[in-house]
Amino acid sequence: MPSIFSYESAEVDWCESNFVRSAVIAEYYNTVSASGRLGPQEPPRAGGRTELCHLKVPLLLAGLFSMYFHMTLSYVGQLLDELSILWTLAVAYSFWYPQAYFPKCIKTRRHFFWLTGITTVISTLMSFVKPTLNAYALNCIAFHLLYLTRKELKKCNDKRVHRMAAVMVMWWALAITSWISDRWLCWLWQAINFPYFHSFWHVLIALSLLYCCPLVIYFDVSYEMPSFKPKLEYWPSDSWPVVVPYVTLEEPHKQC
């Protein structure tokens, strides 16, 4: 029986052929593209709370573990990759989930922390039962995030917010299409010698997160810092075809 740290001991193997470009790296392009998940950081936000800093370490670990998994295709690498994503989502839910959507039995953010923590621990233990299903379960969480985004957009009249949400959904749709194509149509891509759609998934989901984070920040400010007016901006400017979105805060005018 191979060690759980052994190369190709994982229960999942993506479409890219193994050890073609390197004798050390199993899936070369998947490994390189996974480094893009090291990049998406929270755009700058003025003043107020500092919960955003708590996502830097989980995002960094998610990127590193993804690279390790695709480099080795080991069982441990697979679980580290999937569980790091799960715990990153848990941190994001803990700090950013709007209190207006808390279950009726949850009265405070502290209680919600406990609920999220217990749910995440149970989910972590369940991930060992059937590891091949973990990736599908994690992708299903996106539908809940899309549902929340839709509810928030109904209460928002800012066209820039709606535009950013549309771009985020576009990148996510392209990303999940690439993921599904690599998983279910591998025979086709290998037949035409183009088995690289999982690496596209890495890049496209990173682009989706680039737009998702400012949106979450925008709505978070609306709930938690109502005295400030959030505004979406683009760097270097709106006219550029490729931009980095971020949130600025307009401080309220003080009255004498």
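**Helix H6 and the annotated binding site**

The buried residues of helix H6 are Val161, Met164, Ala165, Met168, Trp172, Ala175, Ile176, Ser178, Trp179, Ser181 and Asp182 (buried: under 20% relative accessible area, 1.4 Å probe, protein chains only). The model is predicted, with local features needing pLDDT of at least 70 and side-chain atom pairs counting only at pLDDT 80 or more, while totals for chains, interfaces and linings use all residues. Residues are numbered from 1 along each chain as its sequence is written, and side-chain values use heavy atoms, with hydrogens and water left out.

H6 spans residues 159-184, 26 in number, and reaches 37 Å from first to last C-alpha, close to the 38 Å expected at 1.5 Å a residue (1.5 Å times one less than the number of residues; helices are DSSP runs of H or I with at least four residues, and strands are runs of E with at least two, numbered from the N terminus). Its buried residues pack against helices H5 (134-154), H7 (186-191) and H8 (197-224) and strands S1 (229-235) and S2 (244-250) (contact: heavy atoms within 4.5 Å). At the N-terminal end, H6 is capped by Asp158, with a side-chain oxygen 2.9 Å from the backbone nitrogen of Arg160.

An unreviewed UniProt entry lists Asp13, Trp14, Glu16, Asn18 and Glu27 under "binding site"; such annotations may be inferred rather than shown by experiment. Glu27 lies in the segment before H1 and counts as buried because its relative accessibility is 0%. Not counting residues up to four places away in sequence, Glu27 touches Asp13, Trp14, Glu16, Asn18, His70 and Leu73. Asn18 is also found in the segment before helix H1 (28-34).

Notes:
Buried < 20%, exposed > 50% of the residue type's maximum accessible area, 1.4 Å probe, protein only. Polar contact = N/O pair within 3.5 Å; in protein donor to acceptor, adjacent residues only side chain to side chain.
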